[in-house]
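Please read the following exchange alongside the displayed entry.

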Amino acid sequence: MGSGGMVVMDEDSCMVDVARYFLDFTQKESCGKCTFCRIGTRHLLNILDRITKGEGLEQDLELLETLSQDIKNGSLCGLGKTAPNPVLTSLNYFFDEYEAHVKEKRCPALKCRPLTAYYIDLEKCARGCDVCVGCCPVEAIFTTTGRKKAIDQEVCVKCGECMVVCPPEYDAVEKVSPPELAPIIERTPGKKSASN
Amino acid sequence: MVNLIVDDKEIKAEEGKTVLQACLENGIFIPNMCFIKTREHPHASCRLCFVEIDGLDRPVTSCTEQVREGLLVRTDTPPVRRLQRMGFKLLMSAHHRDPKECPVKGSCQLIRIAKHLKVGLKSRPLELLERDIDEEVDLTFFTYYPFRCVLCGKCVYVCRQKNDHNLLTFANRGFDTTIAFFGSGDPVDFPCHHCGACAAICPTGALVPKPTYTKAAAAGDSASLPEKGELLSFVQIEESTGATVFDK
């Protein structure tokens with residue numbers, strides 16, 4: 001009984017994040033009777049959480065593999081036996097994404113927020129256009145030299161709205177990972193931002 | 001009686017018994033936390049009693065395998081040890097060790113299992129887990145220590161066996177599972193007879209009777225907690241095997 005389904009994802013889906021999503025689901029659905037599923041999947045979720053936040057360690061990848069195998073073999077019911085599958089298969093087919101997260105603190109899909117940053121390409125930004133400034137929910141965008149716009153990295157929450165609203169003829173907002181690749185532009189003190 | 005071979009040793013067991021029962025009765029120790037001798041349907045929740053049986057490609061829990069004539073069992077293969085050690089480390093990652101306060105220090109089933117598996121009591125490489133619950137929980141007649149509890153379910157089973165009502169129960173779900181006690185309001189109205197069986201059967205000392213109820217017993221109160229000798233007559237933990245024997 002039951003049905004089969006297929007989910008199609010493109011390069012904008014982070015496979016580490018997808019694995020973390022399924023483990024979050026498992027932790028919520030686990031009945032809690034047996035040790036491997038109850039406690040083991042919590043460990044898997046914690047490790048994947050840390051990796052997607054850029055706090056992954058080298059030994060985490062090996063631990064994910066061994067712990068997943070043991071949970072698969074040690075669990076009492078089908079939930080526990082299949083819960084580690086997203087981790088095991090994504091480690092198998094998308095190991096490069098895991099490595100990028102752990103070794104370079106980089107998310108290849110540009111999905112994991114702590115590992116990404118937005119910035120405005122000053123060559124493409126048009127003077128006098130204020131669309132991004134108005135849409136930013138945390139007022140992180142300010143006017144810099146030549147009346148062009150820049151993003152204050154300390155304030156930015158990486159919602160991506162500025163990228164959505166920037167007119168297609170300019171297409172000036174860029175997203176990068178790791179976040180250090182985004183140029184830091186200082187707000188000039190005393191100069192009013194365009195929203196004032 | 002059936003004959004089976006465990007670790008190259010021939011043993012006999014009554015038909016209908018499980019491999020775990022057969023081994024423990026014959027002096028072969030297999031790590032277990034949730035096993036009760038006279039319980040018909042094993043709880044099978046601790047996932048520590050793994051063995052390898054000839055013909056099966058993966059380790060299985062010995063508490064759920066019936067004995068059969070000519071069964072070939074191994075209790076010490078690398079796949080078995082790997083699962084047991086990981087299971088043990090998982091338990092220790094959710095367990096707060098407090099050797100000074102712990103009422104079962106020295107006799108704790110976890111220490112016994114650690115020695116058998118030749119592992120330490122630390123949960124490394126797993127980190128110690130945080131839980132959204134207090135260190136001590138008031139359950140009216142006793143104090144419950146969730147960070148000592150391994151959720152083996154023995155206390156719940158014993159309470160149901162001894163009383164008409166099931167006063168102890170599992171509550172919540174998943175990682176937040178805990179033991180809860182039915183009833184609020186005036187403790188005089190509770191059907192709990194203070195038999196203390198739950199506290200006595202707990203392998204990790206997670207249920208500790210409150211001193212006030214012990215004092216009440218000493219004063220000749222009708223709702224009295226039996227003396228230690230009385231408790232042991234219906235709940236025994238066998239020294240040699242660590243199996244819990246429960247007679248009604």
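The questions and replies below treat a sheet, a core and a contact between chains in turn. This is a predicted model, in which local features need pLDDT of at least 70 and side-chain atom pairs count only at pLDDT 80 or more, while totals for chains, interfaces and linings use all residues. Residues are numbered from 1 along each chain as its sequence is written, and chains are lettered from A and ligands numbered from 1 in the order in which they are written.

Me: Which strands stand at the edges of the open sheet in chain B?
Reply: Strands are DSSP runs (E, at least two residues), as helices are (H or I, at least four), numbered from the N terminus. Two strands pair if DSSP finds at least two bridges between them. The sheet of chain B has mixed pairing and the order β2-β1-β5-β3-β4. Two strands have a single partner each, so one side of each is left without a neighbour in the sheet: β2 (9-13) and β4 (60-61) of chain B.

Me: In which sense do β3 and β5 of chain B pair?
Reply: β1 (residues 2-6) and β5 (residues 71-74) of chain B pair in the parallel sense over 3 bridges, with B:V73 as the bridge partner of B:V6. B:V73 also stands opposite B:I53. The pairing of β3 (residues 50-53) with β5 in chain B has 2 bridges, and its sense is antiparallel.

Me: Which residues of β5 in chain B are buried?
Reply: A residue is buried if 20 or more other C-beta atoms, placed from the backbone, lie within 10 Å of its own, exposed if 12 or fewer, and partly exposed in between. Side chains alternate along β5(B), and B:L72 and B:R74 point to one face and are not buried. Those that point to the other face and are buried are B:L71 and B:V73.

Me: Which helix gives the largest share of the largest nonpolar core?
Reply: A nonpolar core is a set of buried Ala, Val, Leu, Ile, Met, Phe, Trp, Tyr and Cys residues joined through C-beta atoms within 7 Å. The largest one has 89 residues, and A:L44, A:L48 and B:L20 are among those that touch the most other members. With 8 residues, the largest share comes from helix α2 (residues 35-52) of chain A.

Me: How many residues does α2(A) give to the side of chain A that touches chain B?
Reply: Contact requires C-beta atoms, placed from the backbone, within 7 Å; by this criterion, 20 residues of chain A are in contact with 21 residues of chain B. α1 (15-29), α2 and α3 (58-74) of chain A each supply at least two residues of that side of chain A. α2(A) gives the most, with 7 residues.

Notes: Two residues are in contact if their C-beta atoms, placed from the backbone, lie within 7 Å.
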